[in-house]
Amino acid sequence: MAGEQFNSKFFEQVEACRPGSNDLCGEDFALAAERIEQDRDAERYFERVQQVDAQLASAFHEVPVPAGLADRLLAALDAAAPAAAKEAFDHDIDSETSESRKPQPEPQPAVGRRRRVLQLAIAASLVGVVGGGLALLARLTPYSQQQCLAEAKQISAQFNAEGWKRIDRAHPAPENRPIKTRLNGSLKAWRTTSLLGDDLAVAYRFRNGATLLVCQPSKVVSGLPLAPPSVPQQKAQQSSGTHIGMWTSGGLVHVLMVSGPLEEYRSMTGTTRPVVAFTRPQGLPNRYDG
Amino acid sequence: MRPVTSQPQSAESSGGGQGEGSAGSPVDVRQLVIDHHAVVYRLAYRLTGNQADAEDVAQQAFLQAQQHMHQLRTPENPVPWLCAIVRSCWLKSFRRQRPVAAGSVDLNVDEVAEPLADEDQFDFERLQSALDDLPDEYKLVVTMFYFEEASYKEIAAQLEIPIGTVMSRLARAKSQLRKRLTEDEVAAATEARRTH
């Protein structure tokens, strides 16, 4: 048992030494350092691990960066910024509104008609500028999750039996709006639709009756997770209701609508699988020894 | 070896801005993107295993960075902070929660792959494939070890798990990775012999 313990600790300490570092000199590595000092095989093993580790560390950075990535990231930041700006704007508006509720001083006597016309013209221009700014803001403001949810519910309510194409060789699922996330379920049919400014959006129907909408929105949808959430954004209020989960993957927004119990939604999205922590069961022999 | 540093990387289309995010000047998230998008993307790629997901994680990471810029404690070297955000985004959105079988990996002196000749490199795709086969708990520690060059203590502190767990996971993860790469080497050599 003592020998096994010694070996497992030795291996762990050797593997924890970063390539090219002086980690081995640290207190925590005394056991490995001592054995390497005394045992030629242990020394060779350590050297081999260090060499391979150095090559692997280098290889980990060998990832080609796609062209235009920085531009796309900057564009995403730009798209997200107006949301914050709008919040600040709303805050200012609220502040001004509360200010205006304060008692106002008595009105001054009327001024000349020409002056009033001039004031009105300036006010109208200001309204125009603010209106234009708001319109621009609206164009740049990302879709909210609530918007996404509302649109998805609205178009799915309008679906009828027509327009669906059975998924077969004659009607393969469209390639431009593919399902980017693996879902547990058998596909039955698809149809095109329009969602979040995307007229090429696709609705997929599963055999269990669930519907998945896949679209490339004309603006970013703020705050969507990058995988199906285990708790859908809209949970059914009753057992026959619909759970709606939204996420983004591969640049496409996915909206999954599943009727029935929450387990059905979670089963499709695979979000119920338990996490099993790594622990060595007591009583198992130590398997470090070669 | 290329350690993870705060050395700026050039953007494909952005001609300027390099070095403007140096210590002392206020850090702007756009500058972080220009300087460090490559390292963020590479880490995201190693964790997710594909370009689309890696871009999503990188985008999410920079959005998070923008929202929490006040939490950046070391503006002169923001890379570790960015890497932590990338890991967090990946953990929240992509981890597969695959169970780890206890005792599934043996450690053996003989299974350490022979180092490659200096001019050779571990194949990019084969390394990724081997990495993708690891359970997420292993993939995370091994990526922090090799990519971020984090010590076992740093890994333990950042992941908030005991040091003993880190050492154990690290040893098994590295062993499994090498074993898979060695198997691939043998398979490739066999295939090459067959085709000749």
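Which residues are exposed on the other side of helix 6 of chain A? The legends below take up this question after a note on the model.

This is a predicted model, in which local features need pLDDT of at least 70, side-chain atom pairs count only at pLDDT 80 or more, and totals for chains, interfaces and linings use all residues. Residues are numbered from 1 along each chain as its sequence is written, chains are lettered from A and ligands numbered from 1 in the order in which they are written, and side-chain values use heavy atoms, with hydrogens and water left out.

**View 1. Helix 6 of chain A and its two sides.** Helices (H or I, at least four residues) and strands (E, at least two) are DSSP runs, numbered from the N terminus. Helix 6 (residues 145–158) of chain A has 14 residues and spans 20 Å from its first C-alpha to its last, close to the 20 Å expected at 1.5 Å a residue; the expected span is 1.5 Å times one less than the number of residues. A:C148, A:L149, A:A152 and A:I155 of this helix are buried, whereas A:Q146, A:A157 and A:Q158, on the other side, are exposed. Here buried means under 20% relative accessible area, exposed over 50%, and partly exposed in between (1.4 Å probe, protein chains only). Viewed down the axis of helix 6 of chain A, the buried residues fall within an arc of 145°, so they line one face of the helix; the arc is that of the directions from the helix axis to the C-beta atoms. The elements that cover these buried residues include strand 2 (187–195), strand 4, strand 5 and strand 6 of chain A.

**View 2. The pairing of strands 4, 5 and 6 of chain A.** Two strands pair if DSSP finds at least two bridges between them. Strand 6 (residues 252–259) of chain A is mostly covered, with seven of its eight residues buried. Strand 4 (residues 211–215) of chain A runs antiparallel to strand 6 and is joined to it by five bridges; A:C215 stands opposite A:V253. Strand 5 of chain A also pairs with strand 6 in the antiparallel sense, over eight bridges, and A:T242 stands opposite A:S259. Strands 5 and 6 of chain A form a hairpin with two residues between them, and A:G250 in the turn has a positive phi of about 60°.

**View 3. The surroundings of A:S249 in strand 5 of chain A.** Strand 5 comprises residues 242–249 of chain A. A:S249 is buried, with a relative accessible area of 3%. Leaving aside neighbours within four places in sequence, A:S249 is in contact (heavy atoms within 4.5 Å) with residues of chain A including A:K180 and A:H254, and with B:D53 and B:D56.

**View 4. Salt bridges of chain B.** A salt bridge is a side-chain nitrogen of Lys or Arg within 4 Å of a carboxyl oxygen of Asp or Glu, and the structure holds 15 over all chains. B:E148 and B:R87 form one of them (2.9 Å, N to O). B:E148 lies in the loop between helix 5 (136–146) and helix 6 (152–159) of chain B, and B:R87 in helix 3 (residues 79–93), 61 residues apart. Both B:E148 and B:R87 are buried. B:R180 and B:D133 also meet in a salt bridge (2.0 Å, N to O).
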